[in-house]
Every structure is written in structure tokens, then in C-alpha cells.
Amino acid sequence: METSPGGEWKYLGTQMTGQGGRIQFKIPDKLGTGLYPVKCTVKGDKSCAEGFMAVVPPRTECVVFSIDGSFTLNMSLMGRDAKIRPGAVEVVRLWQELGFVIIYITARPDMQKESVLQWLGTHNFPHGIVAFSDGITPTDLLKHKMEYLIRLTNECKMSVYAAYGSSKDINVYLSAGIPLSKMYIVKPKNPKRKHQHAEVCLVDNESFAAH
């Protein structure tokens, strides 16, 4: 781990992986607020996995975006030439410029990390924390989102200022303690369908421009 942007790498220790090839590692030193590059290297073949670790003060405010169904028009960013919903990037960028931490959440497994990050980068979405599902075939995709958001608020002590998603995310957000007043939900494609939560703010299905 680098001690600071452009600083020296610092060795933190060795950890054995579990059966699924994953590790849980407790940082031995108390770190100051910042974004730290992290690298895990396999002792045998020297292959490595890289990422970033964010250290933020308690009660840091964030804005959550559920990727599938809210950013794309065809519901899946893994399909060929997935069409982006107009205005999506601008909405995320606005929240970032206002000083909020951006969190992208998806029920997709982390084995799809490179494809998802490439799609976000190709469309110039602002940098943010990207949360994937643990494992390859989670039994309950929406439950993963809920549990992550609960950890985010209860353990990481972050505060969700607003949450974007599709109609399937409403109950997930409610279960994680996010009130309807903080939700921005993409309208169902069928305009005749009455929305089950009248209090939630609806975003146009075709574009974020009006929002």
C-alpha cells in the first residue's frame, strides 16, 4: 500500500486466501483520511490484484447509484453496445462537484469488475467506490445490495444523502434505512402502471435531462 499519492509502497503483511480465493485483511496501522492504492501479490507466480481503499471521516455524505436499469436504456450494461440513458453522467458529475462521495452499487459478481469499470470509464462517469456482489452466483442479488448499504451506514458510519435506481431498488433502499424522500427512481416503462410509492421522486425513463 502506498502511504500517499506518489509515495513509497508499504508492506502490510501476508494473509492466506480462503477456498474461494478471497482474503480478509485488517490494516494494522491507523490511517488518515484519503484514498490509498492497494496491491495484493501472490507469492508464487507474482500475479497481483490492485484497487483503492477510501478512508473517510464518520458521517461523510454519499450518493448511491444502482448501475443496471438506472444508467442504461437496455437494462444491462454487459450487452453489446449498451445504450446509456441521456444525462446520467451529468447527474453523477453534479453530485460529485457538490462534494459528495459517489458510490456505484451492482449485484453483479466481482468477476465482471473489469467489464463494468471499462463501461463506466468509456462513458466518462466520475470516479467513485464500486461495490460488487461477493461470490459468483449469489442466491439473492437484491439482498446483497441491502447488506452492503447497511454495512456502509452502520459500520463505515457514512450517511446516504440520495439514492438512485430502478423500481426494484425501492424495497432494497427502504430495508437499508433510506427513506423514500431520498430516492430518485427511474419511471417504469409502462406509463399506465401506477407506482406503488407515490412519495418517491420519479426520473424520466428515457433521459435524466429534465431531472
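## A guided tour, starting from two cysteines

Select C40 and C48 to begin: the sulfur of C40 has its closest cysteine sulfur in C48, 9.0 Å away, which is too far for a bond. For a disulfide, the two cysteine sulfur atoms would have to lie within 2.5 Å, and the structure holds 0 disulfides. Both residues are partly exposed, C40 with a relative accessible area of 39% and C48 with 43%. On this scale, buried means under 20% relative accessible area, exposed means over 50%, and partly exposed is in between, using a 1.4 Å probe and protein chains only.

Before you go on, a note on what you are looking at: this is a predicted model, in which local features need pLDDT of at least 70 and side-chain atom pairs count only at pLDDT 80 or more, while totals for chains, interfaces and linings use all residues. Residues are numbered from 1 along each chain as its sequence is written, and side-chain values use heavy atoms, with hydrogens and water left out.

**Stop 1: the sheet**

Switch to a cartoon view and colour the strands. Helices (H or I, at least four residues) and strands (E, at least two) are DSSP runs, numbered from the N terminus. In what order do the strands of the open sheet lie? The 6 strands follow the order β5-β4-β3-β6-β7-β8, with parallel pairing. Two strands count as paired if DSSP finds at least two bridges between them. At the edges are β5 and β8, each of which pairs on one side only. From one strand to the next, the twist averages 25°. The axes used for angles are lines fitted to C-alpha atoms, for helices over the stretch in contact, and angles run from 0 to 180 degrees between N-to-C directions.

Now zoom in on β3 and β6, a parallel pair joined over 5 bridges. Pick F65 there and you will find its bridge partner in β6, Y164.

**Stop 2: from β4 to β5**

Next, select residues 101-109 and 129-133, which are strands β4 and β5; they run parallel and 4 bridges join them. One place to look is I103, whose bridge partner in β5 is I129. Between the two strands the chain passes through helix α2 (residues 113-122), making a right-handed β-α-β crossover. To check the hand in your viewer, point the strands away from you: right-handed means that the path from the first strand over the helix to the second runs clockwise.

**Stop 3: helix α1**

Select residues 88-97. The buried residues of this helix, α1, are A88, V89, V91, V92 and W95. Why do they sit on the same side of α1? They cover an arc of only 165° around the axis, where the arc is that of the directions from the helix axis to the C-beta atoms. A reminder about helices fits here: an α-helix has 3.6 residues a turn, so residues three or four places apart point the same way.

What do the buried residues of α1 pack against? Show β3, β4 and β6, and you have their packing partners. Contact here means heavy atoms within 4.5 Å. Turn the helix around, and the face away from the buried side carries the exposed residues E90 and E97. Just after α1, stop at G99, which takes a positive phi of about 100°.

**Stop 4: helix α3 and H144**

Helix α3 packs on the sheet, touching β3, β4, β5 and β6, and its direction makes about 150° with that of β4. Select H144, which is in α3 (residues 141-154). Is H144 buried or exposed? With a relative accessible area of 10%, H144 is buried. Leaving aside neighbours within four places in sequence, H144 is in contact with T106, A107, A131, F132, S133 and D134.

Follow the chain on to K157, in the loop between α3 and β6 (159-165). K157 has a positive phi of about 60° although it is not a glycine, and at 42% relative accessibility it counts as partly exposed.

**Stop 5: R59**

Another backbone to inspect is that of R59, in the loop between β2 (48-55) and β3 (61-66). R59 is not a glycine, yet it has a positive phi of about 70°. Its relative accessible area is 56%, so R59 is exposed.

**Last stop: C201**

Finish at C201, in strand β8 (residues 201-203). C201 is partly exposed, at 33% relative accessibility. Beyond its neighbours within four places in sequence, C201 is in contact with M183, Y184 and I185. Add K182 to the selection as well: K182 and C201 are 19 residues apart in sequence, and their C-alpha atoms are 8.2 Å apart in space.
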